[in-house]
Structures are given as structure tokens and as C-alpha cells.
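Open the model in your viewer and keep the selection panel at hand. We will go from one stop to the next, and at each one I will suggest what to select and say what is there.

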Amino acid sequence: MTDLVLSDSLAAARRRLASALAEAGRPPGDAALLAVSKTKPAALIREAYRLGQRDFGENYLQEALDKQAELADLDDIVWHFIGPLQSNKTREAAGRFAWIHSLDREKIARRLNAQRPDALPPLNVCLQVNVSGEASKSGVAVAELPALAEAVAALPRLRLRGLMAIPAPAADPREQGRPFARLREALEILRERHPEAPLDTLSMGMSGDLEAAVAEGATLVRLGTAIFGARRRPD
Ligand SMILES: *Cc1c(COP(=O)(O)O)cnc(C)c1O
């Protein structure tokens, strides 16, 4: 993708988010754009950064570490880990990211808490929730969310920021909003239980369902294809 095309697609993604917010009756800037750069080269991330984008999401730890090393001069870039996290990879994740969106087990939470370097502020985390039942293997079940949230809220080196979901594609586009509404309701319940936690984030909405997610209150939409184009490698 050339520089010119990236500037067009990033501008289009920003307009798309702005009009989804307006359509939902929400103020401009009420949701932010996370640029999902998995499988894309560091040079493209650098271009997006030059165009003003700061938040980037990566799914594969080693790939992310390689790109971070190449982009070490961009000191205010914000790295989000959004992929499945194995317990033998938590040390790197705890040291190299500002956010983890895919936390779904207490064991991983404890490791991240213990391994977050003292020199860094607490790690922002979202709990990944399985809002699609059997259709998805990742994410904590809605019924188990309160217990996980309670455990995470007690860990001083983690900041419990909110919830994340990747719903199974809806057969009927009119049904796209349902799992997002479920995630919003789950966040509302957690906010009542944990008034002390900064539960301000609903990480939901991707290139195919951004509007439905914003209509249900998304505060951080994760766009890959819409910004960087189709991925060659499957994920
Ligand atoms: C790949 C990915 C995205 C971006 O998906 P697009 O459909 O390309 O916008 C968002 N969130 C997660 C967790 C992903 O793995």
C-alpha cells in the first residue's frame, strides 16, 4: 500500500468513526481508533504514526516485539496487545505494551501483575468476554466475569479499564448489535460493583461491524482491514 492510499484509508476510517458517533447521538471524539497492524510491516505503522495515529494493536507477540524494536524512536506510540496470550509470554507482554485487551484468565492476570516493570505505570487491561457462547473459545464466559473482575481489580500493577469482545459474525446484519449490547450491560454491572476501578473502556467493533459497536457504546474500535487493507496471511 502506498503512502497516498494509507492517508486516504486512515482519513476514511476517521470519517467513518465520526459519522457512526454522530448517528448514535454521541459527541465527536467519544470513541477512539485503534489501528490493528498485525501482519503489516513496521514501515506502514510509521506512516500511520506520521499521519497522527498513536494507538496500534498487535496479535502476535514476537511479530510485535520485532516491529517495536524497529519503531523504538517513536516514543509516544501506544502499543496494545489484542491477541491470545499464553502464560509463557506474559513477561514480554507485561514489559512492552501499555494495554492488554485479551485477558481472560486469573493465572495470566497474576503473572502480568507480578511481571509489570516497576518503572512503568500499571498495565491497562480489558477482560475479553465470550459473548457468542460456543461459537468462540477465547474469552471468559459472562457468568464467570464477576469473579475474574474481582480478582483483577485487586491486583495493584493492573488497571482494570473495561471489556473486549470479538463476536461471531451475525447471520443477519440487524443482529450485529446484540453481542455488543451484552458487553455494554456487563460493563455497567461491573461499574456498579467496582466504583473504584477506572472501568471506562468498551473495546469492540472491527472493520465489518464498527457502526453496530459504536451504536452500543464502543469507546475503542479496532480497525485493521479498513486502515491497512486486506491481510495476506490468514489469522
Ligand atoms: C484482526 C483483529 C482486528 C481487526 O480486524 P479487521 O476486520 O481487519 O478490522 C480487531 N480485533 C482483533 C482482536 C483482531 O484480531
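Select strand β5 (residues 123–130) together with strand β7 (residues 158–164): the two pair in the parallel sense over six bridges. This is a predicted model, so treat each stop as a look at computed coordinates. To find your place along this pair, pick V125, which stands opposite L160 in β7.

**Around β5**

Keep β5 and add strand β6 (residues 140–141). These two also pair in the parallel sense, here over two bridges. Click on N130 of β5, and look to A141 for its bridge partner in β6.

Now add strand β4 (residues 99–103). β4 and β5 run parallel and are joined by three bridges. W99 is a good residue to label here, with N124 as its bridge partner in β5. Show helix α5 (residues 106–115) as well, and you have a right-handed β-α-β unit made of β4, α5 and β5.

Before leaving β5, switch on its side chains. Which residues point one way, and which the other? L123, V125, L127 and V129 are on one side, while N124, C126, Q128 and N130 point the other way. This follows a common pattern: in a regular strand the side chains alternate between the two faces of the sheet. Is β5 mostly covered or mostly uncovered? Mostly covered, as eight of its eight residues are buried.

**Two residues of β4**

Go back to β4 and select H101, which has its place in this strand. Is H101 buried or exposed? The relative accessible area of H101 is 0%, and because buried means under 20%, H101 counts as buried. Display its side chain along with those of H80 and S203. H101 and H80 are joined by a side-chain polar contact of 2.8 Å. With the side chain of S203, the H101 side chain makes a polar contact of 2.9 Å.

I100 is also found in β4. This residue is buried, again with a relative accessible area of 0%. For a distance to draw in the viewer, take the C-alpha atoms of I100 and E216: they are 116 residues apart along the chain and separated by 22 Å.

**From β1 to β3**

Next, select β1 (32–36) and strand β2 (residues 55–58), which pair in the parallel sense over two bridges. Label A35, and you will find its bridge partner in β2 at F56. Add α2 (42–50) to complete a right-handed β-α-β unit of β1, α2 and β2. From β2 the chain crosses through helix α3 (residues 61–70) to β3, and this β-α-β crossover is right-handed.

Strand β3 (residues 78–81) runs parallel to β2, and four bridges join the two. Keep F56 labelled, since you can now look at its bridge partner in β3, W79.

While you are here, find T39 in the loop between β1 and α2. What is the sign of its phi? The value is positive, near 70°, in a residue other than glycine. For background, most residues other than glycine have a negative phi.

**The ligand**

Now select the ligand and the residues around it. How many residues surround the ligand? There are 13, and the closest are K38, N59, S207, T225 and R231. Colour this shell by class, and it shows five nonpolar, four polar and four charged residues.

Three distances are worth drawing:

- From R222, a side-chain N or O atom is 2.8 Å from a nitrogen atom of the ligand.
- From G224, a polar backbone atom is 2.8 Å from an oxygen atom of the ligand.
- From T225, a polar side-chain atom is 2.5 Å from an oxygen atom of the ligand.

Then turn on a surface: of the 390 Å² of accessible area that the ligand has on its own, the protein covers 91%.

**Last stop: a loop**

Finish at A197, in the loop between α7 (177–193) and β8 (201–203). A197 has a relative accessible area of 16%, and therefore falls in the buried class, whose limit is under 20%. Draw one last distance, from the C-alpha of A197 to that of R182: the two are 15 residues apart in sequence and 20 Å apart in space.

Terms used
Residues numbered from 1 in each chain as written. Predicted model: local features only at pLDDT ≥ 70, side-chain atom pairs only at ≥ 80, totals over all residues. Heavy atoms only, no water. Buried < 20%, exposed > 50% of the residue type's maximum accessible area, 1.4 Å probe, protein only. Pairing = 2+ DSSP bridges. Right-handed = clockwise from strand over helix to strand, strands pointing away. Near = heavy atom within 4 Å. Polar contact = N/O pair within 3.5 Å; in protein donor to acceptor, adjacent residues only side chain to side chain. Areas by Shrake-Rupley, 256 points an atom, 1.4 Å probe, with all protein chains shown as cover. Nonpolar A, V, L, I, M, F, W, Y, C, P; charged D, E, K, R; others polar.
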